[in-house]
Amino acid sequence: MQKGTALIVGITGISGYNLANVLLASGWTVYGLARRPQAQEGVIPVAADLLDADTTNKALDGLPITHVFFCTWTRRATEKENVEANGAMMNNLCQALGKAPVQHMALVTGTKHYLGSFENYGSGKAETPFRESEPRQSGENFYYTLEDILFAAAERHGFGWSVHRSHSMIGQAGGSNAMNMGVTLAVYASLCKETGQPFVFPGSRAQWDSLTDVTDAGLLGRQMEWAAQSPAARNQAFNTVNGDVFRWRWMWGEIAAFFGLEAAPFPEQPMPLEARLKDVAPEQWRAIAQKHGLREPDVDRLASWWHTDADLGREIECLNDMTKSRELGFLGYHDSRASFLELFTRLRAQRLIP
């Protein structure tokens, strides 16, 4: 049964790529927008740069879009620039869709809603578990800008909205891995295995010892589809995590075992990935790719050292409450250990890691 005509903005990223698979399996027509869309079975590609209003208008003109899923962002040097650039993207999109029969628009943000922007990461005063009712933190945050533009467009045009605050997302992307912890850890473990380096946790003692959670990209896709169709979810913001909790000191051993490694003890000094690997990993990965016949020899197209360092380097506990989703009818759940191991298995089958 035809459910609607979806526009996924950011189709090559981790959330957009996995959402497309969810919607296609459920009977939607799916358009996928990116600056350089890649072939994805069943997805109708739309090429546009959202920072360019004219090309965005031309690309979307006349498309019968009923549901929009905003799954993208652009990184700039400062939060002020993040606000300006990401706000421009959302404004240009909303203007281009002004005549489309839009019924619902979903926005993917994240735990920085509670933690503060990259410049002030971990500065938020919210206590765990984070709840959707928590007020915004002080300071600029491009997530807040995106929300405000969405809310204004929804009121202006009369469509519903939902906001989905994911935690560290685990899953495969269609092209861009800018925020992909799962693939980054798979590459790191593979480098350790091939070069004999110890598999050392790169983050903080707080993250090593505290309870935490993650978001399976497929689960996020299912929640977004539910919110787009459920009257109870209209005009609501939702946390989006798997539903279980773990400590990294346990999960690190599970990941190590998958790759045939020993999990190193927690280090005496911080050992972030970017500082250790950004200069040596490109050459090491090219040699590994050639040895094992891997599809991608450019490690920077797979790993996102800086973002994984930010996630694992937090000095506070990060835990998200899912009560609101459950009370309103979304009961999705995914085992976090399985999220990692299923991803690693797919990456091996696709010859992206050895």
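At what angle do helix α3 (residues 79-96) and helix α5 (residues 142-157) pack, and how far apart are their axes? The first legend below takes this up. All views come from a predicted model, in which local features need pLDDT of at least 70, side-chain atom pairs count only at pLDDT 80 or more, and totals for chains, interfaces and linings use all residues. Residues are numbered from 1 along each chain as its sequence is written, and side-chain values use heavy atoms, with hydrogens and water left out.

**View A. Helices α3 and α5 pack against each other.** The angle is about 25°, and the axes are 8 Å apart. Here axes are lines fitted to C-alpha atoms, for helices over the stretch in contact, and angles run from 0 to 180 degrees between N-to-C directions. Helices (H or I, at least four residues) and strands (E, at least two) are DSSP runs, numbered from the N terminus. The pair is therefore roughly parallel, a term for angles under 35 degrees, while over 145 counts as roughly antiparallel, 65 to 115 as roughly perpendicular and the rest as oblique. The crossing of α3 and α5 is right-handed, meaning that the near helix is turned clockwise from the far one by less than a right angle; anticlockwise would be left-handed. From α3, look for Glu 79, Asn 82, Val 83, Asn 86, Gly 87, Met 90, Asn 91 and Cys 94, which meet Phe 142, Thr 145, Leu 146, Ile 149, Leu 150 and Ala 153 of α5; contact means heavy atoms within 4.5 Å. Sorted by class, this contact has 8 nonpolar, 5 polar and 1 charged residues. Nonpolar covers Ala, Val, Leu, Ile, Met, Phe, Trp, Tyr, Cys and Pro, charged covers Asp, Glu, Lys and Arg, and the others, Gly among them, are polar.

**View B. Helix α2 (residues 53-60) meets α3.** Their axes come within 9 Å and cross at roughly 35°, and the crossing is right-handed. On the α2 side the contact uses Ala 53, Thr 56, Asn 57 and Leu 60, and on the α3 side Asn 92, Leu 93, Gln 95 and Ala 96. These residues of α2 and α3 divide into 4 nonpolar, 4 polar and no charged.

**View C. Asn 141 sits in the loop between α4 and α5.** With a relative accessible area of 4%, Asn 141 is buried; that word means under 20%, exposed means over 50%, and partly exposed is in between (1.4 Å probe, protein chains only). Its C-alpha atom is separated by 8.0 Å from that of Asn 82, 59 residues apart along the chain. Leaving aside neighbours within four places in sequence, Asn 141 touches Glu 79, Val 83, Lys 112, His 113, Gly 116 and Ser 117. The loop between α4 (112-115) and α5 also holds Pro 129, and the peptide bond from Thr 128 to Pro 129 is cis, with omega near -5°.

**View D. Helix α14 (residues 336-349) has the length its residue count suggests.** Its 14 residues should span 20 Å at 1.5 Å a residue, and the end C-alpha atoms are 20 Å apart, which agrees; the expected span is 1.5 Å times one less than the number of residues. Buried in α14 are Ser 336, Ser 339, Phe 340, Leu 341, Leu 343, Phe 344 and Leu 347. Their cover includes β7 (169-170), α6 (181-195), β9 (215-216), β11 (246-247) and α9 (248-258).

**View E. Helices α9 and α14 cross at roughly 25°.** Their axes come within 11 Å. That makes α9 roughly parallel to α14, and the crossing is right-handed. Trp 248, Trp 250, Met 251, Glu 254, Ile 255 and Phe 258 of α9 make the contact with Ser 336, Arg 337, Phe 340, Leu 341, Phe 344, Thr 345 and Arg 348 of α14. By class, the α9 and α14 residues here are 8 nonpolar, 2 polar and 3 charged.

**View F. Asn 242 lies in the loop between β10 and β11.** Asn 242 counts as buried, at 0% relative accessibility. Measuring C-alpha to C-alpha in the model, Asn 242 and Met 322 are 8.8 Å apart in space and 80 residues apart in sequence. Not counting residues up to four places away in sequence, the contacts of Asn 242 include Asp 216, Tyr 333, Ser 336 and Ser 339.

**View G. Asn 235 and Arg 351 have positive phi.** Asn 235, with phi of about 60° although not a glycine, is in the loop between α8 (217-229) and β10 (236-240). Asn 235 is partly exposed, at 33% relative accessibility. Arg 351 has phi of about 55° and is found in the segment after α14. At 45% relative accessibility, Arg 351 is partly exposed.
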